[in-house]
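Subject: Structure handover

Hi,

Here is the structure I said I would pass on. Have a look at it first, and my notes follow underneath.

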Amino acid sequence: MSTDIDEALDWLGRPIDCADCAHKDRLLDERCKPLRACAHDRYARRIDRFFDWNPDLARDYLSHPYFEARACAAKAAEVFLLPALLNDPEEAVRWSAARRLPRSYLLKLRNDPHREVRIRIAGRLEGADLLPMMSDPDYFVRQMVAKRLPTDLLVLMINDDDAEVRRVVAQRINQALLIRLARDPDPVVRFEAAQRLEPLDLLSLLDDPDWRVRHEIAQRADIKSIGALLADADPIVRETALERRRAAGLNDDASIAILATGQGERR
């Protein structure tokens, strides 16, 4: 049973005729093949393969009306021909050109109108070149920036509007600034920060409303300072605190009674 993928159609949906192709001589040399490698096919994978096999022809397709042909040709054409494609109306073409150009050309795309281009640009830039992208309107672009920005500059993103961006900041920021994120309004951010805090700093979060943060305290804070968690509202937090105290020889009768009460509640 035939499907679209088994048909040799050009980008306008017309059947491809190798007899009328300007590159039909390459068919004999197996440098092109119907349904596999063809500059005129509408499927990007076939176009891409054609230019892999025939990079010398890529420059002739940089202004082709079909954007996939331009994007694929940009992967194989001479680098000095690519700057002109940074103004192409299609984002796939702009990125295809940018990925092969020096850093100075990437800077021009930091404000590209398409988020996918900006995400990829942020994934290639480093250091101070990323600073203008900290205020990008798209949260995922800012998230990528937070993943790549030098740690000493992450303080500039500590109050980002999006919790997912702040979560990435919490994963990487210097220890000295981590406590600020441990008091973030979002529980996911606070938990991310709590996992990296030093045991002594964890004690300032004993009253955190999120059980995951308190559980982290029960697991890692000073054993003599987690007594309050034996009466925690969450049974997992209570049991974790009690188990640690027992292991340290602090399994007093009051603690055991508290655990029994919690177990009764669950039953």
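Ala8 has a relative accessible area of 25%, so it falls in the partly exposed class. Bear in mind here, and for the rest of this email, that the model is predicted. Ala8 sits in the segment before helix 1 (25–28). Not counting residues up to four places away in sequence, Ala8 touches Arg14, Pro15, Ile16, Leu35, Asp41 and Arg46. There is also a pairing with Cys38 to look at: Ala8 and Cys38 are 30 residues apart in sequence, yet their C-alpha atoms are 9.0 Å apart in space.

Leu35, one of the residues that Ala8 touches, belongs to the loop between helix 1 and helix 2. Its backbone caught my eye: Leu35 is not a glycine, but its phi is positive, at about 70°. With 41% relative accessibility, Leu35 is partly exposed. Glu30 is in the loop between helix 1 and helix 2 (44–53) too, and Glu30 also has a positive phi, about 60°, without being a glycine. Is Glu30 buried or exposed? Its relative accessibility is 65%, so Glu30 counts as exposed.

Next, the helix pairs. Helix 3 (residues 67–74) and helix 4 (residues 91–98) have axes that come within 8 Å and cross at roughly 5°. That angle is why helix 3 is described as roughly parallel to helix 4. On the helix 3 side the residues are Phe67, Arg70, Ala71 and Ala74, and they meet Ala92, Val93, Ser96 and Ala97 of helix 4. Sorted by class, this contact has six nonpolar residues, one polar and one charged.

Helix 7 is worth opening in your viewer, with a neighbour to go through on each count. Helix 6 (residues 115–122) packs with helix 7 (residues 139–148) at an angle of about 0°, and their axes are 9 Å apart. Helix 6 is therefore roughly parallel to helix 7. Arg115, Arg118, Ile119 and Ala122 of helix 6 make this contact with Phe140, Val141, Met144, Val145 and Arg148 of helix 7. The residues of the contact of helix 6 with helix 7 split into six nonpolar, three charged and no polar.

Then there is helix 8. The axes of helix 7 and helix 8 come within 9 Å, crossing at roughly 5°, so helix 7 and helix 8 are also roughly parallel to each other. From helix 7, the contact uses Tyr139, Arg142, Gln143, Ala146, Lys147 and Arg148, while helix 8 brings Glu164, Val165, Arg167, Val168, Val169 and Arg172. What is the make-up of the contact of helix 7 with helix 8 by class? It has five nonpolar residues, one polar and six charged.

As for what is buried in helix 7, the residues are Val141, Arg142, Gln143, Met144, Val145 and Ala146. Their cover includes helix 6 and helix 8. At the start of helix 7, a side-chain oxygen of Asp138 comes to within 2.9 Å of the backbone nitrogen of Phe140.

Helix 12 (residues 211–220) can be described along the same lines. Its buried residues are Val213, Arg214, His215, Glu216, Ile217 and Ala218, and these pack against helix 10 (187–194), helix 11 (199–202) and helix 13 (235–247). At the start of helix 12, a side-chain oxygen of Asp210 is within 2.9 Å of the backbone nitrogen of Arg212.

One arginine deserves a separate note. Arg166 lies in helix 8 (residues 163–172) and has just 9% relative accessibility, so it counts as buried. A polar atom of the Arg166 side chain lies 3.4 Å from the backbone oxygen of Asp161. Beyond its neighbours within four places in sequence, Arg166 has contacts that include Met157, Asp160, Asp184, Asp186 and Val189.

Last, the nonpolar core. In soluble globular proteins, nonpolar side chains tend to be buried together. Here the largest nonpolar core has 69 residues, and Phe51 and Ile121 have the most contacts inside it. Apart from neighbours within four places in sequence, Ile121 is in contact with Trp95, Ala98, Leu106, Leu109, Arg110 and Met133.

Over to you, and shout if anything is unclear.

Cheers

Note on methods: Residues numbered from 1 in each chain as written. Predicted model: local features only at pLDDT ≥ 70, side-chain atom pairs only at ≥ 80, totals over all residues. Heavy atoms only, no water. Axes fitted to C-alpha atoms, helices over the stretch in contact; angles between N-to-C directions. Helix = DSSP H or I, 4+ residues; strand = E, 2+ residues; numbered from the N terminus. Parallel < 35°, antiparallel > 145°, perpendicular 65-115°, else oblique. Contact = heavy atoms within 4.5 Å. Nonpolar A, V, L, I, M, F, W, Y, C, P; charged D, E, K, R; others polar. Buried < 20%, exposed > 50% of the residue type's maximum accessible area, 1.4 Å probe, protein only. Polar contact = N/O pair within 3.5 Å; in protein donor to acceptor, adjacent residues only side chain to side chain. Core = buried A, V, L, I, M, F, W, Y, C linked by side-chain atoms within 4.5 Å.
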